[in-house]
Amino acid sequence: MAVPGPGLEISVPVPSERLQNLVELARTVCGQPVTAINIITEDLQYQVAAAGMEPYLCSREDSMCAVGFLNGESTIVEDASLDPRYSGNPFVDGRRGAVRLYASVPLVADDGFVLGTLCAGAREPGKLSDRQRRGLEILAAEVVEALALEQRAHQLAGALAEAQRSNALLAEFAGRVSHDLRNPLTSILGYVELGQMEAENSPHSQIGQYLDVVASSGQRMLTMVEDVLAYATIGGEVRLAELSLANLVRDVLQDLQASIEARGASVNCDDLSFTGDPVQMRLLLQNLIHNAVAYSRPGVPPVIRVTGRRAGDGTTLRVIDNGKGISAEDRERVLDPLVRLQREDDPPGTGLGLATCARIAAATGGRLEIGPAPEAGTMVTIHLGERS
């Protein structure tokens, strides 16, 4: 037996040429003057196509088709005025119509959801042959298929429009960020270069070393900004190269040196050669190691372990810390952009770090998972897929 979906929550389809052709064919097959495709909701019956009359809207209470359509079986009534189920209906007793012959086939989706009916009627009593009834049932199945195709087409069109809108906003955002970040970084690097030139003649040799670190980190940051913004703008171009996990972590530690020293953090890393996008992989590791340092427990120096291994379909990286950890109910939520937990003593942030890491993993055909560390803290597992 067919049953309706929860709350009969369906979207009313837009009338189309395909549906109109099917209802005209139903009129020919059953040889009756009036046929219609009815969508029945919790409160209404809406005709999306009709032949022999103008489509109309009525309440479900007044609908003839709503009387028994949920049983999933066809209904054939030779004279509705003599049938106690229909004799008092306004479309039978003269208030809105004078239907006599009435035939109705439920529109049952693959999941058992009853959308409505394909019905036929006439003002005079009559019969349908077994062949006509079978033809009406076959056409009802075609109507269900047409409704499903049109719904999918509508959903795809909506998704495409949303994707185009999102891409346009992303490109506009990337352009603004590119301007706002690239220009000050270029200025910083220019002044660093001047400082390096002056430091060559300075008795304080450490100043030159400090400036070298600043210049190296600043140049990597500028490259990262430009490449990540290009990645966002063009939809995710991945530039593959053979990478060393140890070398990537070494570069990240140099960038994060000040915060690592301030927190007394220690970072251990396995080495692994794997294929990936160097900019994206460095950004991923920088975000995760930065989080491991920033979200440490008060009074507990951060201990961070970075591991990697080859998997059958790609590479698996892990960043394990002994910090605050993330509760089970929040582990999926924090992967959404701009989501922050707002816990006591948490440092300020944008809520984009983990979302960026998840997107980088997805760009390889992989995924990012957050779980508890073996003792205390967080273990972030990055499954890099076939594109890594």
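**Helix α7.** I looked up α7 in this predicted model and found its buried residues to be L354, A355, C357, A358, I360, A361 and A363, where buried means under 20% relative accessible area with a 1.4 Å probe and protein chains only, and where helices are DSSP runs of H or I of at least four residues, and strands runs of E of at least two, numbered from the N terminus. Just after α7, I noted that G365 takes a positive phi of about 85°.

**Conventions.** I number residues from 1 along each chain as its sequence is written, and side-chain values use heavy atoms, with hydrogens and water left out. Because the model is predicted, local features need pLDDT of at least 70 and side-chain atom pairs count only at pLDDT 80 or more, while totals for chains, interfaces and linings use all residues.

**Cores.** I then turned to the largest nonpolar core, a core being a set of buried Ala, Val, Leu, Ile, Met, Phe, Trp, Tyr and Cys residues joined through side-chain atoms within 4.5 Å; this one has 36 residues, and those with the most contacts inside it are F274, L285, V306, L368 and I382. The elements that each supply at least two of its residues include α4 (245-255), α7 (353-363) and β13 (378-384), and α6 gives the most, with eight residues. For I382, leaving out residues up to four places away in sequence, I listed touches to L284, L288, T315, T316, L317, A361, R367 and L368, contact meaning heavy atoms within 4.5 Å. A second, separate core of 26 residues includes A51, L118, L139 and L147.

**Helix α4.** I recorded L245, L248, V249, D251 and V252 as the buried residues of α4. Seen down the helix axis, they fall within an arc of 160°, so they line one face of α4; the arc is taken from the directions from the axis to the C-beta atoms.

**Cavity.** I searched the whole structure for cavities (sets of points on a 1 Å grid over the protein atoms alone where a 1.4 Å probe fits but cannot get out) and found one of 30 Å³ or more. The largest cavity has a volume of about 50 Å³, volume being the space filled by probe spheres set on the points, which are joined across faces, edges and corners. Its lining, made of residues with an atom within 4 Å of a point, includes M64, F69, E73 and Y86, and strand β5 (residues 101-108) gives the most to that lining, with four residues.

**Whole protein.** I closed with the totals: seven helices and 13 strands, and buried residues making up 43% of the 388 residues.

Methods. Buried means under 20% relative accessible area, exposed over 50%, partly exposed in between (1.4 Å probe, protein chains only). On a 1 Å grid over the protein atoms alone, a cavity is a set of points where a 1.4 Å probe fits but cannot get out, and a pocket is an open set with protein on both sides within 12 Å along at least five of seven lines; lining residues have an atom within 4 Å of a point.
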